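The report below is meant to be read with the sequence and the model side by side. It goes from the overall fold to the sheets, then to the helix packing and to local backbone features.

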Amino acid sequence: MNAAGHPDLSESLKIVVGVAGGIAAYKAAHVVRGFKERGHDVRVVPTESALNFVGAATFEALSGHPVSTTVFDAVDEVQHVRIGQEADLIVVVPATADFMARAAQGRGDDLLTATLLVATCPVVLAPAMHTEMWHHPATRDNVATLRRRGTIVLDPAHGRLTGKDTGPGRLPEPEQIVDLALAAAARPSHFRRDLEGTHVLVTAGGTQEAIDPVRFIGNHSSGRQGFALAEMAAQRGAEVTVVAGVTDALPTPLGARVIKVVSARDMASAVEEHSRRADVCIFAAAVADFRPEHTANSKMKKGKADDALRRVNLVENPDILATTVRRRASGELPAEATLVGFAAETGDAENSPLELARQKIARKGCDLLMCNDVSGGRTFGATDNVGWILSADGEETEVPLGSKFTVAGVILDAVVDARA
Ligand SMILES: Cc1cc2nc3c(=O)[nH]c(=O)nc-3n(C[C@H](O)[C@H](O)[C@H](O)COP(=O)(O)O)c2cc1C
């Protein structure tokens, strides 16, 4: 356990994966595998309906534990009490409309709902259902009731449903559920709905500056930290727009609208357009400082006499963070908009990464700055992060090593505090 009494990254957790009877029940198998691959002990508790979709044998083989659906199996062990008391985390995937109705009513008519009544650990529900069922007033009320009681109900993804129809109601990707659920186990308070009514703009990923049709200047940014920020802000109730440069093959951040761009100048125009009504702008993208002055229309040849490839002339790209700070000062953005910069620093002969970050926040004029120490290739592409959050009034908070989702939660806590 860490100082706050929550599990550390390295700790093996006892996780209960509840499975309700929806068409997406087969994806629960991938969620079980995801937790197991990260070293956690998983117990699967399906509902009776779930076993119409996936057999108990699959869950028993993947989890290494027996599976039952009723409190009347292994009565000598009083299973619901033992499983509920021992659990560090309960994740229900998929959570059907019917399951959430029963959970909201506090019923205990099968092993899964009875276990929930006993558990005191974080509970994460990943709903999946047709859009009409998700929008139904009864489901809306049940979700609101569960959230009010502290249950973390993820927003479903938007996309293809059982048939040809699309809309909100799709189960998030298994790896998103695993990441968010582990973030909930680490810091359940990061899932408070304290950004409802707030529009958050996040930039993510790296930019590419074309030299010719086949070559570009790029960087190692994976987009993971920006996407984690977008996803965590959406789960806290914000309306989220992501301006995404080049990212690894990551699933679209849950609950966010994504605008894809390639170059720094594309990113600058997308930010200009979408920041006008933003309450919070978080600049997590790794934007190229320079671009080639000219982009050749055809591939530049290596051995040509003038060898232009050797002497690609670079010109400076727009500074998106500094420009946004200026636009806020001139009234183009709400005066109370919170602007958060990122500094990926390696330090140099005279300055530590933290010292360079202090200089950067003073120079840029943003409200908060997340400083990552990226020396030795740390951070880029990794699933965890570490660093400091600096504020314009001189406060410095150490951000301990955590998953990029937990770090996103710490940054969003700082945003909420700054706006209080
Ligand atoms: C083919 C099929 C697919 C279904 N998919 C869903 C679904 O995705 N989400 C949902 O809420 N209900 C879905 N249902 C309805 C549930 O199975 C039904 O409400 C059941 O009572 C749920 O039981 P449980 O919540 O105890 O698991 C589906 C039913 C069928 C027959």
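What follows is an account of a predicted model.

**Overall dimensions**

The protein chain contains 13 helices and 19 strands. Along its principal axes the C-alpha trace spans about 80 × 50 × 40 Å. The radius of gyration of the protein chain is 24 Å, which agrees with the value near 22 Å that a compact globule of 420 residues would have.

**The eight-stranded sheet**

Eight strands form an open sheet of mixed pairing, and their order across the sheet is 12-11-8-13-16-17-18-19. The edges are taken by strand 12 (256-260) and strand 19 (396-403), each of which pairs on one side only. From one strand to the next, the twist averages 20 degrees. At one end of that order, strand 11 (residues 239-244) pairs with strand 12 in the parallel sense over five bridges, and within this region A244 stands opposite K260 of strand 12.

Helix 9 (residues 224-235) lies across several strands, namely strand 8 (199-204), strand 11, strand 12, strand 13 (280-283), strand 16 (338-345) and strand 18 (384-391), and its direction is at about 165 degrees to that of strand 8. Helix 11 (residues 320-329) lies across strand 13 and strand 16, running at about 160 degrees to strand 16.

**The five-stranded sheet**

An open sheet of five strands has the order 2-1-3-4-5, and its pairing is parallel. Strand 2 (41-46) and strand 5 (152-153) are the edge strands, each pairing on one side only. Strand 5 is joined to strand 4 (residues 123-127) in the parallel sense over two bridges, and the bridge partner of L125 in strand 5 is V153. Helix 4 (residues 97-105) packs on this sheet, where it touches strand 3, strand 4 and strand 5, and its direction makes about 140 degrees with that of strand 3.

**Packing between helices**

Three helix pairs can be set out together, with the axis separation and the crossing angle given for each.

| Helix pair | Axis separation | Crossing angle |
|---|---|---|
| Helix 3 and helix 5 | 8 Å | about 50 degrees |
| Helix 9 and helix 13 | 8 Å | about 60 degrees |
| Helix 10 and helix 11 | within 10 Å | roughly 25 degrees |

Helix 3 (residues 79-86) and helix 5 (residues 111-118) pack at an angle of about 50 degrees, and are therefore oblique to each other. Their crossing is right-handed. On the side of helix 3 the contact is made by Q79, H80, V81, I83, G84 and Q85, and on the side of helix 5 by L111, A114, T115 and V118. The residues of this contact divide into five nonpolar, five polar and no charged.

Helix 9, already described as lying across strands of the eight-stranded sheet, also packs against helix 13 (residues 404-419) at an angle of about 60 degrees. The two helices are therefore oblique to each other, and helix 9 passes helix 13 in a right-handed crossing. In this contact R224, Q225, A228, L229, E231, M232 and A233 of helix 9 meet K404, F405, V407, A408, G409, I411 and L412 of helix 13. By class, the contact has nine nonpolar, two polar and three charged residues.

How do the axes of helix 10 (residues 264-274) and helix 11 cross, and at what angle? They come within 10 Å and cross at roughly 25 degrees, which makes helix 10 roughly parallel to helix 11. Helix 10 passes helix 11 in a right-handed crossing. The contributing residues are A264, M267, A268, V271 and E272 of helix 10, together with I320, T324 and R327 of helix 11. This contact divides into five nonpolar residues, one polar residue and two charged residues.

**Local backbone features**

Two places in the backbone deserve a look in the displayed model. The peptide bond that joins V93 and P94 is cis, with omega about -5 degrees, and P94 is located in strand 3 (residues 89-95), a strand that helix 4 touches. A74, a residue other than glycine, has a positive phi, near 45 degrees. The place of A74 is in the loop between helix 2 (56-63) and helix 3.

Note on methods: Residues numbered from 1 in each chain as written. Predicted model: local features only at pLDDT ≥ 70, side-chain atom pairs only at ≥ 80, totals over all residues. Heavy atoms only, no water. Pairing = 2+ DSSP bridges. Helix = DSSP H or I, 4+ residues; strand = E, 2+ residues; numbered from the N terminus. Axes fitted to C-alpha atoms, helices over the stretch in contact; angles between N-to-C directions. Contact = heavy atoms within 4.5 Å. Parallel < 35°, antiparallel > 145°, perpendicular 65-115°, else oblique. Left-handed = near helix turned anticlockwise from the far one by under 90°. Nonpolar A, V, L, I, M, F, W, Y, C, P; charged D, E, K, R; others polar. Rg over C-alpha atoms; globule rule 2.2 N^0.38 Å.
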